[in-house]
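Work through the exercises below with the sequence and model in view. Try each task before reading its solution.

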Amino acid sequence: MSRKKYSLVYALSGVHGTISLAIALSLPTTMVSGESFFFRQEMIFVAAFDILISIVVPAIVFPKLLEKKK
């Protein structure tokens, strides 16, 4: 396997989005003034979507990219 393929496999197989989801979930629902936290739900959605994409894309790409075992 070429060096570029190794680099692509390494990039796609990493853990993506878990820290951003943890940060988004740690945001308070309301601020000290009593107002709701702006865009909290949107940030959670974007982080969850990032995790979903980082699971689905490698599942599609890896079988085409990696050599089959003999």
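**Exercise 1. Classify F49 by accessibility, then do the same for F45.**

Step 1. Take the cut-offs: buried is under 20% relative accessible area, exposed is over 50%, and partly exposed is in between (1.4 Å probe, protein chains only).
Step 2. F49 has a relative accessible area of 45%, so F49 is partly exposed.
Step 3. F45 has 57% relative accessibility, so F45 counts as exposed.

This is a predicted model: local features need pLDDT of at least 70, side-chain atom pairs count only at pLDDT 80 or more, and totals for chains, interfaces and linings use all residues. Residues are numbered from 1 along each chain as its sequence is written, and side-chain values use heavy atoms, with hydrogens and water left out.

**Exercise 2. Find the aromatic pair and describe its geometry.**

Step 1. Apply the rule: rings of Phe, Tyr and Trp (its six-membered ring) pair if their centres lie within 6.5 Å; planes under 30 degrees apart are stacked, over 60 edge-to-face, and the rest tilted.
Step 2. Searching the whole structure gives one aromatic pair.
Step 3. The partners are F45 and F49, with ring centres 6.2 Å apart and 20° between the planes, which makes the pair stacked.
Step 4. Place the pair. Both residues lie in helix 3, four residues apart, about one turn of the helix. Helices (H or I, at least four residues) are DSSP runs, numbered from the N terminus.

**Exercise 3. Which residues form the nonpolar patch on the surface?**

Step 1. Set the criteria. Patch residues have over 30% relative accessible area and no salt bridge; like charges are joined within 9 Å, nonpolar side chains (Val, Leu, Ile, Met, Phe, Trp, Tyr) within 5 Å. A salt bridge is a side-chain nitrogen of Lys or Arg within 4 Å of a carboxyl oxygen of Asp or Glu.
Step 2. List the members: F45, V46, F49, L52, I53, I55, V56, V57 and I60.
Step 3. Give the area. Together they have about 830 Å² of accessible area, by the Shrake-Rupley method with a 1.4 Å probe, where for residues only the protein chains shown count as cover.
Step 4. Check two members. V46, in helix 3 (residues 40-65), counts as exposed because its relative accessibility is 54%. L52, also in helix 3, is at 47%, so L52 counts as partly exposed.

**Exercise 4. What does S20 contact beyond its neighbours within four places in sequence?**

Step 1. Locate S20: helix 2 (residues 18-26).
Step 2. Use the cut-off: contact means heavy atoms within 4.5 Å. S20 is then in contact with A47 and D50.
Step 3. Add the spacing. S20 and D50 are 30 residues apart along the chain, with C-alpha atoms separated by 9.1 Å.
Step 4. Grade S20: 33% relative accessibility, therefore partly exposed.

**Exercise 5. Trace other residue pairs that are separated in sequence.**

Step 1. L52 and H16 are 36 residues apart along the chain; their C-alpha atoms are separated by 9.4 Å.
Step 2. V15 sits in the loop between helix 1 and helix 2. C-alpha to C-alpha, V15 and I55 are 9.0 Å apart, with their positions 40 residues apart in sequence.
Step 3. A11 belongs to helix 1. A11 and P58 are 47 residues apart in sequence and 9.6 Å apart in space, C-alpha to C-alpha.

**Exercise 6. Which element has the lowest mean pLDDT, and which the highest?**

Step 1. pLDDT is the predictor's confidence in each residue, from 0 to 100.
Step 2. Helix 1 (residues 3-12) has the lowest mean, 81, and helix 2 the highest, 89.
Step 3. The chain averages 86, and 99% of the residues score at least 70.

Terms used:
Helix = DSSP H or I, 4+ residues; strand = E, 2+ residues; numbered from the N terminus.
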